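Reader: Can you walk me through the helix packing and a few polar side chains in this one? Short answers are fine.

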Amino acid sequence: MKTKLTLYFLFCLNILLAQNTIIIESSEYAIVIEKDSLKRLQYVYFGSKASNLNDYKSIDKQLRFEVKDAADIPNHIYTPNGTWNTAEPALQILHSDGNPSTELEYEKHIKENLGNGVSLTTITLVDPIYKTEVLLFYKVYHEENVFEQWSSIKNNELQAIVLKKYASANLYFKNNDFFLTQYHGAWGSEMQPETHRLTSGIKVLDSKLGTRSNLYAPTNFILSLDGIAKEDAGKVLLGSLAWSGNYRFEFEKDRFNNLRLIAGANNFAAEYKLGANHAFETPHFIYTYSEKGKNQASINMHRWSRKYRIHDGEGNRLTLLNNWEATQFNFNEKKIIALLDEAKEIGVDAFLLDDGWFGNKYPRNNDNAGLGDWEVNQNKLPNGLSNLIKKANKRGVKFGIWIEPEMVNPKSELYQNHLDWVIRQPNRKEYYYRNQLVLDLSNQEVQSHVFAVFDNLFIKNPDIGFVKWDANSIIYNAYSEYLARKKLPQSHLYFEYVKGLYKVLERVREKYPKVPIMLCSGGGGRVDYGALQYFTEFWPSDNTNPLDRIFMHWEYSYFYPAIAMSSHVTNWNKESSIKFRTDVASIGKLGFDIELEKLSKEEKEFCKQALFNYKSFQNIIWYGDMYRLQDPYENPIASLQYVNHEKTSSVVFSFLVSHRFQTFYSKEPILFKGLDPKKIYKIEEVNLFGGEKTEIDQKATYTGEYLMKFGFNPIVSDKRKSVVLKLSEITL
Ligand code: GLA
């Protein structure tokens, strides 16, 4: 009897809890939402999860966000504009009768288990007067502690409404010492970090470039809630908007010293007119949270992105020889065949023919002509691509090709024949970025054209084994002839461009699910989790100076796993040895973009051996966990480590990043991470140049505990500027 009563009590409590409290949990963290007397939903908790569900119920009693005599609250889960709100809104609507206000009342929520460790909570909010329906989606990847949020706004009026602001997510964090790491960049200097304390007021990060936001201001940030985040301590949120166009993040420190975060597509010049009965879905905001510092957060992100996001994220990858740095536009069939021989000799999986292979009326001999005219250039390649593909395959090497199908040079047949396909102001001077313009992907005809560029290549050459998809221009003179013709607002262009791009990529992937495609954008201009669902990897930067790449890789690695980061040995910074350049390229997805014939015999032999070594540990780098051991910004020696899931093998890379004499020698051991303290490991140095002997005692063995507690000295010096160590468990 007593048990029945207890059960009944618990049942009632759960109903009560379910009515007023929405709990969204991952394996370690929870978001708790409460309904107030005006049916407004408010965040009351974000942090590590409670072992007893009922504890969440009383959190709000401890909070005092409702101020006496005032109606506004700072912690609404999707702050509407024009009623009680006085802070930055997440949603701003101009209703069909001209009324600019919106109220959102809780209507219902459902939680679904989507299987495969994923759940989805959908909250429905409705405006009691205008019946606008807002769905808020919270997708949780349980094990990885990754959250994905987006919203959908439905117009239930009889006429169109205007969405003036339409965030993907609106979050609220309690605490009082917030630090933000944001990124900026330009061509050749992508992913430059800047960390600072957030003060009261609003800090905005945004992009208005249209196509490639990563170039000036990447779509990622690190937010720490309790002082500057450390690798292994601190409350950290890594955030990323899965969107390849304009975005906007707002960090508002409010009057309670708490932080409001609003994330979504940029509403700058992008009001959206939404017809009656239509719904508008926002981009997805992805974040992971860790109370164990940045390293755990990035491990979460890597595991999540490989499993759920990056195209074929847990699949195989091809090592490449690319010809861009080696030849630029200046090549012919003979030269390419010679490179195919080199590809075979060195042992890469594929050869990638870069820019310059197309255009006849306007040959693509430099970057000011031919872009858009995708026929093989008869002078350079008289026997077509098919001959090269045959020759590559005969050598056991796959053949890859570069395209940039979204863009056009004014000096091209495409521009001459389809001016209305080009984004440009009809009455104004044209402005160019790298001598080119962007095609109008809001137009379905253009979408079909871009798809056909890809499709025709494969129809004619079904054996193409790899594609590099580039996008070098930003959008100037944003104006669409197509939208004008359709009498649609020009302010739809930025949004519809990205939607159009995704439609094309969707079609590409439907027909060609297996082809590896590299996402490139004049270097690392477009890197985001919206695009990466269609791509197997990305090109982080045209800057392949190994020293710069160490720093860039370090920053990119907070958000993206090594399997997705193409990393090539080139002639940038030739002063550094081929060993240094190859060791650095080995921290990502290794490839070469160099004239191997110009290397000495010894250097070439080294590259061959290093590639062979890479193949022996690539699985650890591609699928294992990454640990940042020593920060290049703070130490003369940078060090990072990859460990496989079983913790039986690991690779540690250490690089000298300072040229000051006093910093040349690594005096201190480096503390390894991620190993099994009880396992015993041996350490072997690989990638030794020529007949060089290692300074490491390769016979010694160490427990994981020793290596993580006391550390290990890789003996980096001006004579040994890069050291690659392979750890393997030994069973006694
Ligand atoms: C961009 C890419 C390079 C190369 C050139 C070709 O700059 O980032 O890797 O493909 O275009 O024009």
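Author: We'll start with helices, then turn to single residues. The model is predicted, so to speak of local features we need pLDDT of at least 70, and side-chain atom pairs count only at pLDDT 80 or more, while totals for chains, interfaces and linings use all residues. Residues are numbered from 1 along each chain as its sequence is written, and side-chain values use heavy atoms, with hydrogens and water left out.

Reader: OK. How many residues does α4 have, and what distance does α4 reach?

Author: Helix α4 covers residues 333-346, 14 in number, and reaches 20 Å from first C-alpha to last. That is close to the 20 Å expected at 1.5 Å a residue. The expected span is 1.5 Å times one less than the number of residues. Helices are DSSP runs of H or I with at least four residues, strands are E runs of at least two, and both are numbered from the N terminus.

Reader: What sits at the ends?

Author: N332 caps the N-terminal end, with a side-chain oxygen 3.2 Å from the backbone nitrogen of K334. After α4 comes G347, with a positive phi near 100°.

Reader: Which residues of α4 are buried?

Author: E333, I336, I337, L339, L340, E342, A343 and I346. Buried means under 20% relative accessible area, exposed over 50%, partly exposed in between (1.4 Å probe, protein chains only).

Reader: And what covers them?

Author: The cover includes β21 (320-322), α3 (324-327), β22 (350-353), α5 (384-394), β30 (589-592) and α12 (601-623).

Reader: How do α4 and α5 pack?

Author: At an angle of about 20°, axes 10 Å apart. Axes are lines fitted to C-alpha atoms, for helices over the stretch in contact, and angles run from 0 to 180 degrees between N-to-C directions. The two are therefore roughly parallel. Angles under 35 degrees count as roughly parallel, over 145 as roughly antiparallel, 65 to 115 as roughly perpendicular and the rest as oblique.

Reader: Which residues meet there?

Author: E333, I336, I337 and L340 in α4 meet N387, L388, K391 and A392 in α5. Contact means heavy atoms within 4.5 Å.

Reader: What about α7 and α9?

Author: Helix α7 (residues 444-460) and helix α9 (residues 493-511) pack at about 25°, axes 9 Å apart. That makes α7 and α9 roughly parallel to each other. On the α7 side, the contact includes F451 and F454, and on the α9 side, V504 and R507.

Reader: New topic. Where is Q182, and is Q182 buried or exposed?

Author: Q182 is in strand β11 (residues 179-184). Q182 is buried, at 10% relative accessible area.

Reader: What does the Q182 side chain pair with?

Author: Polar contacts join it to the side chains of H196, at 2.7 Å, and K203, at 3.0 Å. A polar contact is a pair of N or O atoms within 3.5 Å; within protein, one must be able to donate a hydrogen and the other to accept it, and residues adjacent in sequence count only if both atoms are side-chain atoms.

Reader: And N75?

Author: N75 is in the loop between β3 (41-48) and β4 (91-94), and is buried, with a relative accessible area of 0%. Its side chain makes a 3.3 Å polar contact with the side chain of Q42. The backbone oxygen of Y43 lies 2.8 Å from a polar atom of the N75 side chain.

Reader: What is phi for N257 and N687?

Author: Phi is positive in N257, near 70°, and in N687, near 60°. N257 is partly exposed at 38%, whereas N687 is buried at 3%.
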